Amino acid sequence: MQKLLIKGKTSLKGKILISGSKNATLPILAASILAKEVNLSNIPMVKDIFTMVELLKFMGASIKISKKKNSINIKNNFKKINTLAPYKLVKTMRAGVLALGPLLTKFKKAKVSLPGGCAIGTRPVDLHLFALKKLGARIKIKDGYILANTPKGLVGTTIIFPKISVGATENALLAAFNARGKTILKNCAIEPEIMDLINFLKKLGSRIDVKGRKIIIFKNEKIIKKIKHKIIFDRIELGTYMIAAALIGKKIKITKIDTNVIKNEINVLKKMGIDIKVSKNSIEISKGKKLKKINIKTMPYPGFPTDLQAQLMVLMTQADGTSKIVENIFENRFMHVPELKRMGANIVIRNKTAFVIGPSKLTGAEVMATDLRASVSLVLAGLVADKRTIINRIYHLDRGYEKLEVKLQKCKALIKRI
Ligand code: UD1
């Protein structure tokens with residue numbers, strides 16, 4: 001099994017290029033079920049994307065991937081579609097459940113495996129099913145599968161989500177694509193990745209209006225044969241490298257991004273005393289002289305993202321005083337804490353709050369990755385720690401970070417895969 005070996009305390013210097021967003025690519029790949037031919041560029045070549053591609057192939061799509069160009073070309077033959085998403089493909093990647101909306105709206109039936117448990121919490125799909133039922137789908141759960149059909153097709157309506165969910169908003173948007181009449185979604189997630197999905201659906205002929213947390217989708221009347229779409233940059237990858245630079249950067253420059261999307265994260269780092277130069281499409285960031293404590297809460301966008309919580313916690317270990325993180329999105333997302341403590345961090349957890357008492361001197365250790373973002377927090381800790389850190393189970397990292405060690409090596413980090 002592969003591991004990452006890190007020798008810490010080497011300053012990072014150089015340029016980092018951010019990949020396309022995994023969390024935008026996954027729903028857009030699901031949306032490709034609605035199209036005849038799609039060309040997607042700026043795709044991150046990571047494990048979850050390959051799993052989603054396998055799923056689309058299983059359903060009958062012809063797909064060509066160019067790893068060199070970071071692009072994917074998809075052609076669908078609507079007469080030969082298989083409306084099944086099997087357990088073996090959905091169990092490792094929850095986004096498989098996003099096939100439900102497009103299959104139902106286009107082919108009036110779908111059989112999709114329930115995604116099952118997940119390390120960071122129970123992660124149910126009740127809100128996805130709630131929205132689909134409101135649009136007229138008949139749904140049964142049998143033998144671990146969601147069986148859904150709508151013999152006469154879905155019908156637009158008003159849906160008020162009782163809780164904000166990224167995935168459920170995406171599934172509802174996808175399902176509303178061919179629904180008769182108008183669909184109004186209220187209390188939606190409005191993450192930049194959802195806006196990217198909306199832009200994709202608009203290219204496919206949809207008329208969609210967004211007003212605050214309200215999204216209005218009009219029935220799609222047009223048939224557009226071929227579309228091209230460039231995926232937005234990965235704001236979580238960007239945030240991760242910003243934190244790496246804040247921990248141990250001499251001067252890290254990150255270009256070809258939209259800094260408007262990450263205003264909140266920039267403010268958090270500035271408040272902690274990090275030296276940041278921000279322009280519209282690039283950012284330059286170095287380690288602060290003396291880091292200050294901060295309190296944050298994870299919230300749906302535009303709030304602070306749960307996907308950056310573990311990484312920010314590492315930065316907090318280097319700040320003066322007690323910082324506080326309230327994790328509001330997932331119930332079990334502090335699994336990196338025992339491993340960070342083994343490296344010397346002083347962290348106390350009370351229910352959904354973590355108190356990080358800093359500054360702590362981190363020392364390298366052999367640690368175990370537990371989920372995608374937890375693993376990258378251990379990489380960050382390894383970069384700032386004394387001595388050598390070995391990270392096991394890095395397949396979690398490969399699900400979402402493209403060429404992580406290569407990007408860090410280019411900035412002089414002593415990191416290698418063994
Ligand atoms: C997406 C992201 C993930 C991110 C999360 C929150 C993708 C592929 N993944 O996950 O990286 O951490 O948003 O920003 O884009 N919930 C329910 N019932 C449901 C659905 C969700 O109770 O039917 C709960 C979840 O358990 C969680 C909260 O709602 O507590 C938010 O989850 P959600 O926004 O749906 O996350 P995902 O779409 O799974």
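Here is a quick tour of the fold, one small sheet and a few unusual backbone spots.

This is a predicted model, where local features need pLDDT of at least 70, side-chain atom pairs count only at pLDDT 80 or more, and totals for chains, interfaces and linings use all residues. Residues are numbered from 1 along each chain as its sequence is written, and side-chain values use heavy atoms, leaving out hydrogens and water.

**Overall picture**

The protein has 14 helices and 24 strands; these are DSSP runs numbered from the N terminus, with helices being H or I of at least four residues and strands E of at least two. Its C-alpha atoms fill a box of roughly 65 × 45 × 40 Å along the principal axes. Of the 418 residues, 58% count as buried. Here buried means under 20% relative accessible area, exposed over 50% and partly exposed in between, with a 1.4 Å probe and protein chains only. Cysteine 188 is buried at 0% relative accessibility, and cysteine 411 is buried at 0% too. As for disulfides (cysteine sulfur pairs within 2.5 Å), the structure holds 0.

**A four-stranded sheet**

One open sheet has 4 strands in the order 10-11-13-12, with mixed pairing; two strands pair if DSSP finds at least two bridges between them. Strand 10 (158–160) and strand 12 (207–211) sit at the edges with a single partner strand each, so one side of each has no neighbour in the sheet. On average, neighbouring strands here are turned by 15 degrees against each other, direction ignored. Strands 10 and 11 (182–186) run parallel and are joined by 3 bridges, and threonine 158 has isoleucine 184 of strand 11 as its bridge partner. Helix 7 (192–203) lies across strand 12 and strand 13 (214–218), at about 155 degrees to strand 12. Such angles run from 0 to 180 degrees between N-to-C directions, using axes fitted to C-alpha atoms, for helices over the stretch in contact, and contact means heavy atoms within 4.5 Å.

**Backbone oddities**

Most residues other than glycine have a negative phi, and most peptide bonds are trans. Here are some spots that differ from that.

| Site | Feature | Value |
|---|---|---|
| Tyrosine 301 to proline 302 | cis peptide bond | omega near 10 degrees |
| Glycine 358 to proline 359 | cis peptide bond | omega about -5 degrees |
| Asparagine 70 | positive phi | near 55 degrees |
| Asparagine 187 | positive phi | about 60 degrees |

Proline 302 is in the loop between strand 18 (295–297) and helix 10 (309–316), while proline 359 is in the loop between strand 21 (353–358) and strand 22 (366–368). Asparagine 70 is buried at 17% relative accessible area, whereas asparagine 187, in the loop between strand 11 and helix 7, is partly exposed at 26%.
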